[in-house]
Amino acid sequence: MPYLGGEETVRELRRALSNPNVQSDPLRYRNTILKVIRTMSQGVDVSGLFSEMVKACATVDVVQKKLVYVFLCSYATLNPELSLLVINTLRKDCQDPNPMVRSLALRNMTNLRLPSLVEYVEQPLTAGLRDRAACVRRVAVLGWAKLHNLHPSSEIDAAVVNELYSLLRDPDPVVMVNCLRALEEILKEEGGIAINKPITHHLLNRLKECDIWGQSEVLRVLQRYRPQSEDELFDILSLLDSFLVSPHPPVMAATLSLFLSISSNLPVISLAALERVSGPLLAACGSGSREMRFAAVCHIQLLLRSVPGLLGPHYKRFFCGYAEPAYIKERKMQVLVELVNDENVAMILDELKGYCTDVNTDTAQAAISAIGRIGRSYSDRCLQILTGLLGLKQDHITSAVVQTMRDLVWVCPQCSDTVCLALDGCEETLQDIQGRQALLWLLGVYGERISTAPYTLEVLIDRVRSEASLGIKMELLTATMRLFLCRPAETQDMLGRLLHYCIEEETDMCVRDQALLYYRLLHCGIEKTREVLQGRRSDPSLGVLIGRPAKPVSQWARCFNTLEPLSQGAVEAESDSRGSPEHVTYNSKPNADLSDTLSCKLPFEGKRSRINLSACPLPEVDVGGKATKALFGYSILLN
Amino acid sequence: MIGGLFIYNHKGEVLISRVYRDDIGRNAVDAFRVNVIHARQQVRSPVTNIARTSFFHVKRSNIWLAAVTKQNVNAAMVFEFLYKMCDVMTAYFGKISEENIKNNFVLIYELLDEILDFGYPQNSETGALKTFITQQGIKGQTKEEQSQITSQVTGQIGWRREGIKYRRNELFLDVLESVNLLMSPQGQVLSAHVSGRVVMKSYLSGMPECKFGMNDKIVIDKQGKGGASDDAGKSDLGGGSGKQSIAIDDCTFHQCVRLSKFDSERSISFIPPDGEYELMRYRTTKDIILPFRVIPLVREVGRTKLEVKVVIKSNFKPSLLAQKIEVRIPTPLNTSGVQVICMKGKAKYKASENAIVWKIKRMAGMKESQISAEIELLPTNDKKKWARPPISMNFEVPFAPSGLKVRYLKVFESKLNYSDHDVIKWVRYIGRSGIYETRC
């Protein structure tokens, strides 16, 4: 990419690099090269200096060599021909008496990533495997993995593979672990390195020598091993016991993962391991760094699926700190919901109530929906809190409460009386679309019990012309229809007006079609309409919170200690379900390409688009946020 | 295993980028910047998944460290590694700050080379690393060096860097105005002015040359009648009156605007900074559209009672909606009780502020609304008459009260192959109340 002033800089640097006076002064030469690297890291294209830099490579100064290699590795793929010139210097360096120089040369040789150079690299790599210095062997071993990656289809020589297997016995633990890594990559097609009894025992015995990265790696690979006898199994377990309570969360998690996989048909052992690990896990939850805390809480959520009672007495550990980021608070609340029992329910609800007024609206709404989930088991207490929150008259709180009440009523129909009473007057505070949609749904379904329902709807119908949200209009139509069925006298007139507006004036086809559908339905007679519109009001089968059957450990053991638990989707996304219960969630197609994600920056990234069952695909969703922008008051500027 | 490591500053500029594995493409650096650092909402999670690539990040002061991977790796380990990386860097050069990272980039590249090989952590102990690392950490630096580096980074244009690339070229223009008014009880405008800002958010690739046009009276008059009326009609997106051009009293520009061109031809051309910035500020005093008229009526009934009636009239197109309307009617200090009746919205007497606050959420144009209040006063010995502070008002309207209209914003980028038509442009007008007072 051209850079203003860049060409000038490059020319100047070239002049300096080829100046014999500079070349003869090592310090000046090194400083010039430093300048090149600095310019490079500032984003200037200095690939034009490639040939000058290749010359600078031939030096005894290690610092200079390192600098040049940084340069060469960045630009080699752009200059495959010139890179051939480097190979000679690099090969010569591989014979250097200084092991540091040898390892440096070997590493950079493999980092050039040029398939054309493979034939020149193989010989020094083979020699590197037998080098006296461990640091050279480390590099050489991984070098083979890199070569394999350049040509994934070509076979690596069987002799090399054998040599790598034998290097598992290398005295240097890093060489050993690198061998594991290299073999895993090279033998990927065959399912990775063959784990047999002698290898397993050798690795286990040397586990203590490795650093934490090596330990995690070894423990991960050993998951594939199946002990041949019960005695062997117990030997392994007792050997690993000290790692289970390791102060390093990654090692602890990897050990637990190994425990779970090798004892998968001995549930008692798995359970004992889970109990033993709960201490270190809780410690990780309180660790100083928030990311680690987050990872730990996410993994605890997995554990709780199988052993819901495991951390019951420690529920206070999951109370949120004031300054914690919202994502941790959200997860902790989800854990708290799981931990509720008769003894602690009062404490937990009290704590959650405190979060409802959090400055971060996301946290507040998550807290409210957590209370709603607890409400499935302890409905009276929770409804009392939720109704109390309505009194605050804060729009985001009211919105979350109404949505939560809607979700609660769907699973616990016995709450409906309290909910109907509480709803009175909320419509004035509600601002956002989801909240108003929830209110409309409740008004439609429980209209006969809410005395003011027709008046609330009437206000909205009068304002429908200025209503921007499609979802609200759709929900309003359905709610008015439902209300008409139970309170025809009060609703008939406004329903007529609404249908007239939607059919005659509305420009959005979805709304119009929906209105036409209802209009024609009404022509079929009131009984038919009732049949269609008044379906189920609740679904208690979705179940209560407590006494849910514990899921087997094997269900989640595979994804323990990986990335999966941390991604939102892995956890039951119930707190996420913000649409009407009858509405399905529609997952827009995940972007397959990184560059795609660069272009479509929706204002509400991450939130799923929701689509009404009866609606045709929304044009808004496809356009990539245009409609949402219109909503924010933007209009397109015509040229 | 880790596919790459990136270090960004708080603006999202890449300070260090090291890719270890081929499955991490060059666009990964930008993906993280766009989706996380420049995201509009708060960070939702320390792990972000973008197109099957996972980005793990930690933040140290205002530096972002991100590890990228395509594999389903052990999350705790990656975080542990990032902490370790921070520890090592701290051990070498002290606090992790933008300045320190820029000064020590050679050292950091060297460290990254030793700590990770092919994405596998190798050697992370500071003590052990010492034998492999040739560089010394630089903990501070002189002013001279600093300025030298900045001039190198910036070249000629200090506010924009090279090589910015967006898949979709898009720009947002916000015309934000605050309208100030002082009106006499009889409805005469005593003073009125609008101070406005044009804020631009640009997401444009390369080094685009932009030209901004508005209905500035001088330019319109110069161009001649025909073209002007056509233009103004086309871009009539908001606003109440059919005014075609406005007289700008004074204006100032962002440093990117070429002032010489503005002085000679009154055209506003510039190379915009990336992201959000304020393009210009201006002030107008003539022909201001006053979004609201306030008509007060105060009657003193005896010594212990006041009757106040206030009518507000909205004066813009009926299709537009004003928001967050708040009328503040001051009450005397010796008020003992207030009864309020209002047609719309909510009104409350706030004793602590000595005022009746009347709030209306929304109000369409060409409407009127009224409030009447009975104020009971405590009898006082004080002979001094109540000073009657003015009635003030707050609101937000979706048009520019000065009448300013954006006529065009043309984007020219000769080096990259996108044209003016490919750029998606958005305009929004927001008029807010400044000091908007009516005497009573």
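Biologist: Which helices do the buried residues of H18(A) pack against?

Modeller: They pack against three neighbours in chain A: helix H17 (290-306), helix H19 (345-355) and helix H20 (361-374). Keep in mind that this is a predicted model.

Biologist: What makes H18(A) "largely enclosed" by the rest of the structure?

Modeller: Count its buried residues. A residue is buried when its relative accessible area is under 20%. In H18(A), 12 of the 14 residues are buried, so the helix is largely enclosed. Tyr327(A), Arg331(A), Met333(A) and Leu336(A) are among them.

Biologist: How do you know that the reach of helix H18 (residues 326-339) of chain A is close to the expected one?

Modeller: Compare two values. From its first C-alpha to its last, H18(A) reaches 20 Å, and at 1.5 Å a residue the expected value for this helix of 14 residues is 20 Å.

Biologist: Now the charged pairs. Why is the meeting of Glu114(B) and Arg107(A) called a salt bridge?

Modeller: The N to O distance is 2.9 Å. The rule asks for a nitrogen of Lys or Arg within 4 Å of a carboxyl oxygen of Asp or Glu, so the pair qualifies.

Biologist: What makes this a pair that crosses between chains?

Modeller: Look at where the partners sit: Glu114(B) is in helix H4 (residues 105-115) of chain B, while Arg107(A) is in helix H7 (residues 99-111) of chain A.

Biologist: Are Glu114(B) and Arg107(A) buried or exposed?

Modeller: With the cut-off for buried at under 20%, Glu114(B) counts as buried because its relative accessibility is 9%. Arg107(A) is buried too, at 5%. The two also belong to a network of salt bridges that includes Lys66(A), Arg18(B), Glu110(B) and Asp113(B).

Biologist: Why is the pair of Arg436(A) and Glu467(A) said to link distant parts of the chain?

Modeller: Their side chains form a salt bridge at 2.4 Å, N to O. Arg436(A) lies in helix H24 (residues 433-445) of chain A, and Glu467(A) lies in the loop between helix H25 (453-462) and helix H26 (470-486) of chain A, 31 residues apart. Arg436(A) counts as buried at 19%, and Glu467(A) is buried at 16%.

Biologist: What is the closest N to O distance between Arg299(B) and Glu307(B), and why does Glu307(B) count as partly exposed?

Modeller: Those atoms are 2.8 Å apart, in another salt bridge. Partly exposed covers values between the 20% and 50% cut-offs, and Glu307(B) is placed there because its value is 25%.

Biologist: On to the sheet in chain B. In what order do its strands run?

Modeller: Five strands form an open sheet in the order S2-S1-S5-S4-S3, with antiparallel pairing.

Biologist: What makes S2 (14-19) and S3 (47-50) of chain B edge strands?

Modeller: Each of the two pairs on one side only.

Biologist: How do you know that S4 and S5 of chain B pair?

Modeller: Pairing needs at least two bridges. Strand S4 (residues 53-60) and strand S5 (residues 63-69) have seven, in the antiparallel sense. For example, Phe56(B) has Ala67(B) of S5(B) as its bridge partner.

Biologist: Which helix lies across these strands?

Modeller: Helix H1 (residues 27-37) of chain B lies across S1, S2, S3, S4 and S5, running at about 50° to S1(B).

Definitions and conventions
Residues numbered from 1 in each chain as written. Chains lettered and ligands numbered in written order. Predicted model: local features only at pLDDT ≥ 70, side-chain atom pairs only at ≥ 80, totals over all residues. Heavy atoms only, no water. Helix = DSSP H or I, 4+ residues; strand = E, 2+ residues; numbered from the N terminus. Contact = heavy atoms within 4.5 Å. Axes fitted to C-alpha atoms, helices over the stretch in contact; angles between N-to-C directions. Expected span 1.5 Å × (residues − 1). Buried < 20%, exposed > 50% of the residue type's maximum accessible area, 1.4 Å probe, protein only.
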